[in-house]
Amino acid sequence: MLPIPALCWLCCLPLQIAGHGLCSRCVQQIPRLPALCPCCGLPASGAQPCGRCIRHPPPWQSLTCVSDYLPPLSDWVQQLKFSRITALRVMLARLILLKLLTMRRDYRLPRVDLVLSVPLHRRRAWQRGYNQAALLAKPLARWLGCEYREGVKRVRHGAVQHSLSASARKKNLRGAFRLEIPVRGRHILLIDDVVTTGSTVAEISRILLAQGAASVHIGCLCRTL
């Protein structure tokens, strides 16, 4: 029996390297990002931290994203989260990896030694059957040669974040997370699928740094710009 060739997720043509998930032409179709602040990941005029971050630094050291929340990334995120198309995870994790390696080279970021994922409350994880951020984080940790742990637990089930305003998101997350592993002195990569206002990753970053983490770096597929 002849093997079935792996197909590009976008154009559906056969791939030379199955694990890549996208052909080289379709990778170029992912929407180009404008110049972004390396700290908050929002549009900025140069490669240095923007005025927002100089005045009010976020509680993390850098943020890396693949794209704005636009097709095809937004479609893939929806399929991964709500349509159980978990086969997307390797291709999407690889896109984050490529951006992380470029960011580390350009900004001389420290080498991370621990990868964490933004957790779901156990009720939502049970309904979905998995945590999409964890599906992205596990192969990333393997490729980066470091440890992956489910070290942050969501202990309070609040309202769905995307239905709330920015101020309501912050209030909704107070006391929502608990750290369950030691992180002192560690350089941590925190993975989420989408960062919108940054309230969720900010709350977890504060907890990690308060417990002695050396640095926290955010990696995500989409950053709402």
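This passage looks at the overall build of a predicted model, then at strand S6 and the salt bridges.

Taken as a whole, the protein is made up of 8 helices and 7 strands. Its radius of gyration is 17 Å, which agrees with the value near 17 Å that a compact globule of 225 residues would have. Along the principal axes, the C-alpha atoms fill a box of roughly 55 × 45 × 35 Å. Some 48% of the 225 residues count as buried, and the accessible surface adds up to about 11800 Å², with 54% of that belonging to carbon and sulfur atoms. As for how the chain meets itself, take the contacts with a separation of 6 or more: 69% of them join residues 24 or more positions apart.

Strand S6, residues 187-195, is a good place to look inside the fold. This strand is mostly covered, with 8 of its 9 residues buried. S6 pairs with strand S2 (residues 114-117) in the parallel sense, over 4 bridges; here Ser117 has Ile191 of S6 as its bridge partner. S6 also pairs with strand S7 (residues 215-223), again in the parallel sense, this time over 8 bridges. In that pairing, Leu189 is matched with His217 of S7. To get from S6 to S7 the chain runs through helix H8 (residues 199-210), and the resulting β-α-β crossover is right-handed.

Helix H8 carries a salt bridge of its own, between Arg206 and Glu203, at 3.6 Å from N to O. The two residues sit 3 positions apart in H8, so about one helical turn separates them. Arg206 is partly exposed because its relative accessibility is 47%, between the 20% and 50% cut-offs. Glu203, in contrast, has a relative accessible area of 18% and is therefore buried, the limit being under 20%.

In total, the protein has 7 salt bridges. One of them joins Arg186 and Glu147, with N and O 3.0 Å apart. Arg186 lies in the loop between strand S5 (177-179) and S6, whereas Glu147 belongs to strand S3 (residues 147-148), so this pair ties together parts of the chain 39 residues apart in sequence. Glu147 is partly exposed, at 29% relative accessible area. Both residues also take part in a network of salt bridges that links Asp113, Glu147, Arg149 and Arg186.

Another salt bridge involves Asp106 and Arg105, whose closest N and O atoms are 3.0 Å apart. Asp106 is partly exposed at 45% relative accessibility, while Arg105, at 59%, counts as exposed.

Conventions:
Residues numbered from 1 in each chain as written. Predicted model: local features only at pLDDT ≥ 70, side-chain atom pairs only at ≥ 80, totals over all residues. Heavy atoms only, no water. Buried < 20%, exposed > 50% of the residue type's maximum accessible area, 1.4 Å probe, protein only. Pairing = 2+ DSSP bridges. Right-handed = clockwise from strand over helix to strand, strands pointing away. Rg over C-alpha atoms; globule rule 2.2 N^0.38 Å. Contact = heavy atoms within 4.5 Å. Areas by Shrake-Rupley, 256 points an atom, 1.4 Å probe, with all protein chains shown as cover. Salt bridge = Lys/Arg side-chain N within 4 Å of Asp/Glu carboxyl O.
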